[in-house]
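I opened a fresh notebook page for this one and kept the notes short. The plan was to look things up one at a time and write down what came back.

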Amino acid sequence: MPAKVYPSDTSELALDGAQARERDVLLQLQAQLPDNYTIYHGIHWSRIEHGLTVTGRIQFLVLGPSGIVYSILMKTGLMKVDQGRVVKQLGEQRQDVFNALAEQSALLNQKFRLQHQGHLRVEPIFYCPDFTVPDPGGLTVNAERVVDARHKDELAALIQTIDITADLFSSHSNPKAIHSFLCNELNLVPEVGALSQAAETLVTRLSHGLEQWVSRLNFEPFRLRVTGTAGSGKSQLAFSELQRNHGLKARTLYVCYNRPLSSHMAQQVREAGLMGAVVFNFHALCDRMLRDAGLDVDYASPGVFGRLAEQVLATPLDKRWVFGSIVVDEGQDFDQSWLPVLQRCAHSGTRWLWLEDPIQNLYAKPAVSLPGWVSLHTPMNYRNPKRVVQALQLVQREFNFESPLPLDIEAACPLEGLPLEFFEYDNDESLLSQTAKAITACLRHGFTRDKIAVLSMRGHEKSKILAQASLGPHSLRHFTGRYDDNGSQVFTEGNVHAESVYRFKGQAAQAVVVTELAFSEFNEADFRKLFVAMTRAKLLLVLVGHSDTLQRLRRAVFA
């Protein structure tokens, strides 16, 4: 079994230059080290910004079974040796490689000592696969910790040799505590909206990202409204809040509008063992409250969903429905009349976090009024590659709405992404064949079927795509309408996920095929749906549209 890697999902990284070299070394270490080693890598963050707790100068941290942490600094290209020190010229600046290693090792040890009152043994390793150190014996550091071009394939072997021969009493004896420490320092959290392998897929949060902004706020009562664009980290912030409250032993209610999103969040909560966290979509919350009070809900009655909130407000509730913290996700989809239901779940000191994105308001609902709340706004999009964000900006600029819709979004992802692709259809038959070709195009780029999502711009009732069991050679994975005993969705056995854009809100996939794009009149409602659909793509976006609609979109993107 290969070594474990954090963040674990590296297949989406379309990298070049030094980034590609780092990924090659990462995959080499993963293959050559056994499964009792864990590799923490900096590829995800090193091109984003410089203020991270563990800086981008150290590309890899490796935790061995002995509890030793190997801090690996990789430098490619030519360098100089000056009085026993290796120097890398970076523009007009000279970087002392050994100083960088020493600073990073000292910082990690200091933070570990403060948090765990223990000693963290850090072994620095300098890896220079393109450069031969002329006299390793004359260096100011242990020559055995320098792996140059002559021994570039022996990096993993050196780590194992040190680990096997280490004095175990001089290192920390609890690798689990060190793993927890490193995950915390690297700000690794599960990506709630991941389409597959949700428990293993990790993302790195920026040091100045949404979660850290919120963690530094302190006011009473804590009632915070966060307006953030797609991909700004709202769902990750929600999960972080659940983690925080778990540590404080505070009961938390998480409520969203979308049932698939609540199912994903509930799965994450179960896997993380967050006791005291209760997850519902709003209507399921009302249903559970009423049933808990001994009342049955007649779903055959017309307008039943519209009356659920009124029924809850008229029903005495047990005290266990009062929580110390309430997180509302997808707040743009909530009705004003739902707020009193949530307020019944709070006491005067309850901590509130309301998360929303007005542009993703697909149901034309007016914003919920929250007078007296503190507001935080962020336009930063960390999920989507630059090409997707730029395409959205160009499309929005091309279409002149009667009431211009402000598109406040900034590309913060370090990846350029792959060029957008377009497939055109004229009738239902060509719709099916062109969508199948779009899936094949994703496979040609190297995406596996479980990393592809096909999103219809129509609802389940009207969609031609979602009525199919397969498209060409590709079987489709559909939601069956049923849930298992844990409340998770039950799907068909297909291998390519197919869903409506409405039900896929809050989720994401590496490659997204947006199909059934046919707008007779391109208005704000159409743009909102397109915005939600396009911002689901983490690397590749493919548009399958009717000829009239697609030609206009293509003109906008390539203007």
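Below are my entries, from the whole chain down to single residues.

**Entry 1: the whole chain**

I reminded myself before anything else that this is a predicted model. I then looked up the secondary structure and got 14 helices and 28 strands in the protein chain. The chain has 559 residues, and 55% of them count as buried. I also checked how far contacts reach along the sequence. Taking contacts between residues at least 6 apart in sequence, 73% join residues at least 24 apart.

**Entry 2: salt bridges**

How many salt bridges does the count come to? I got 15. I picked a few to look at one by one, bearing in mind that side chains of opposite charge can pair when their charged atoms come close.

I started with R145 and E123, whose closest N and O atoms are 2.8 Å apart. E123 sits in strand 8 (122–127), while R145 is in the loop between strand 8 and strand 9 (146–147), and the two are 22 residues apart. Buried or exposed, I wondered about R145? R145 counts as buried because its relative accessibility is 16%, under the 20% cut-off. E123 is buried too, at 12%.

Next I went to R225 and E356, a salt bridge with its closest N and O atoms 2.8 Å apart. R225 belongs to strand 12 (residues 223–228) and E356 to strand 16 (residues 346–356), so this pair ties together parts that are 131 residues apart in sequence. I checked burial here as well: both R225 and E356 are buried.

My third pick was R320 with D318, which meet in a salt bridge at 3.5 Å, N to O. R320 comes out as partly exposed, with 44% relative accessibility. D318 is partly exposed as well, at 38%.

I also asked which residues are joined into one network by salt bridges that share partners. I noted R121, E123 and R145, which brought me back to the R145 and E123 pair I began with.

**Entry 3: helix 8 and helix 9**

I turned to helix packing. The axes of helix 8 (residues 282–292) and helix 9 (residues 304–313) come within 9 Å and cross at roughly 45°. With that angle, helix 8 and helix 9 are therefore oblique to each other. I logged their crossing as left-handed. On the helix 8 side the contact is made by F282, H283, C286, M289 and L290, and on the helix 9 side by F305, L308, A309, Q311 and V312. I sorted the residues of this contact by type and found 8 nonpolar, 2 polar and no charged.

**Entry 4: helix 11, helix 13 and helix 14**

For helix 11 and helix 13 I found axes that come within 11 Å and cross at roughly 170°. That makes helix 11 roughly antiparallel to helix 13. Helix 11 puts V388, A391, L392, V395 and Q396 into the contact, and helix 13 puts in F527, L530, F531 and M534. The split by type here is 8 nonpolar, 1 polar and no charged.

Then I followed helix 14 (residues 547–557), where S547, T549, L550, L553, A556 and V557 are buried. What do the buried residues of helix 14 pack against? I listed helix 11 (386–398), strand 20 (421–425), strand 27 (509–517), helix 13 (524–534) and strand 28 (537–546).

**Entry 5: two single residues**

T315 was my first stop, in the loop between helix 9 and strand 15 (323–328). T315 is buried, at 8% relative accessible area. Leaving aside neighbours within four places in sequence, I found T315 in contact with L290, A293, L295 and R344. I had already met L290, on the helix 8 side of the contact with helix 9.

V62 came next, in strand 3 (residues 60–63). V62 counts as buried, with 0% relative accessibility. Which residues does V62 touch? Not counting residues up to four places away in sequence, I noted L33, Y37, T38, I39, I68, V69, Y70, I72 and I159. I took Y37 a step further: its C-alpha atom and that of V62 are separated by 6.9 Å, with the two positions 25 residues apart along the chain.

Technical notes:
Residues numbered from 1 in each chain as written. Predicted model: local features only at pLDDT ≥ 70, side-chain atom pairs only at ≥ 80, totals over all residues. Heavy atoms only, no water. Salt bridge = Lys/Arg side-chain N within 4 Å of Asp/Glu carboxyl O. Helix = DSSP H or I, 4+ residues; strand = E, 2+ residues; numbered from the N terminus. Buried < 20%, exposed > 50% of the residue type's maximum accessible area, 1.4 Å probe, protein only. Axes fitted to C-alpha atoms, helices over the stretch in contact; angles between N-to-C directions. Parallel < 35°, antiparallel > 145°, perpendicular 65-115°, else oblique. Left-handed = near helix turned anticlockwise from the far one by under 90°. Contact = heavy atoms within 4.5 Å. Nonpolar A, V, L, I, M, F, W, Y, C, P; charged D, E, K, R; others polar.
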